[in-house]
Amino acid sequence: MQRLIYTPLRCRECRARFWIYSPFKIVFLVLVLLGITLWLVRVRLNPAPASDASNLTVADRQFSRLSAQALKGDADAQLRLGKMYANGEGVIVDVTKAAKWFEKAAHQGNSEAQFLYGTALLDGRGLVQDYQAALKWIEMPASRGNPEAQYRLGQMYRFGIGTPVDKVKAYMWFNLAAAQGKDDAVRARESVVGQLKPEQIAQAQTDARHISEQMHHKAGAGKRATTSPPASP
């Protein structure tokens with residue numbers, strides 16, 4: 001207790017040790033005790049919500065359920081699980097596991113997973129970089145109307161990534177993405193158009209219309225298939 005409120009000193013001449021009352025220590029001690037008291041009062045008046053632990057439990061259960069669904073082959077669950085690992089949502093970021101789940105969902109025809117798996121191959125994120133495989137996977141969702149995939153595919157044809165340079169195809173994919181409001185595609189299309197002849201631009205526009213018609217046709221067929229009544233027995 002003496003050390004809390006007194007400061008030890010020593011006489012320079014006789015070297016005798018003695019203690020001097022220190023008001024600063026008293027003030028410091030009072031402030032510390034006051035702070036502890038206020039903290040205890042606050043804890044009693046505002047206890048930590050019991051829901052914090054329960055929320056973590058719910059999140060763990062949801063993750064376990066999602067993992068189980070993904071392991072059973074649910075493409076949507078595989079896509080969601082891949083995104084969680086890619087973005088660190090409730091788990092530690094793991095690009096290798098993300099790419100694995102994207103690949104599984106992509107092989108089942110999930111358009112978004114195909115694009116994410118293709119970009120992972122393109123960037124070498126979580127797996128071995130493979131430009132040609134990336135081109136194949138990105139072209140699938142691009143052909144189904146994904147503007148991000150269309151823009152990325154246009155860039156690959158523009159710069160010859162995984163394929164020979166083809167400015168006509170680059171313009172075509174940029175044109176399709178631009179028609180859906182992709183601003184980057186608009187700027188990219190404008191930068192390519194000056195490198196093409198009029199007949200090449202016309203051909204690219206014709207090809208773009210053809211692909212657009214195919215997309216609308218497939219979309220309409222899919223909608224009719226899901227809304228048509230069951231056949232009569």
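The paragraphs below lead through several parts of a predicted model. Local features are described where pLDDT is at least 70 and side-chain atom pairs where it is 80 or more, while totals for chains, interfaces and linings use all residues. Residues are numbered from 1 along each chain as its sequence is written, and side-chain values use heavy atoms, with hydrogens and water left out.

A good place to begin is helix α10, residues 183-193, where helices are DSSP runs of H or I with at least four residues, numbered from the N terminus. In this helix Ala-185, Ala-188 and Val-192 are buried, whereas Asp-183, Arg-187 and Glu-190 are exposed on the other side; buried means under 20% relative accessible area, exposed over 50%, and partly exposed in between, with a 1.4 Å probe and protein chains only. The buried residues of α10 fall within an arc of 65° when seen down the helix axis, so they line one face of the helix, the arc being that of the directions from the axis to the C-beta atoms. These buried residues pack against α8 (147-159) and α9 (167-179), contact meaning heavy atoms within 4.5 Å.

Other residues are partly exposed. Val-32, which lies in helix α2 (residues 23-45), has a relative accessibility of 32% and so counts as partly exposed. Gln-203 belongs to helix α11 (residues 198-227) and is partly exposed at 41%; its C-alpha atom is separated by 9.4 Å from that of Lys-169, 34 residues away along the chain.

Gly-88, finally, sits in the loop between α4 (75-87) and α5 (95-107), and its relative accessible area of 28% makes Gly-88 partly exposed.

Notes: Helices (H or I, at least four residues) and strands (E, at least two) are DSSP runs, numbered from the N terminus.
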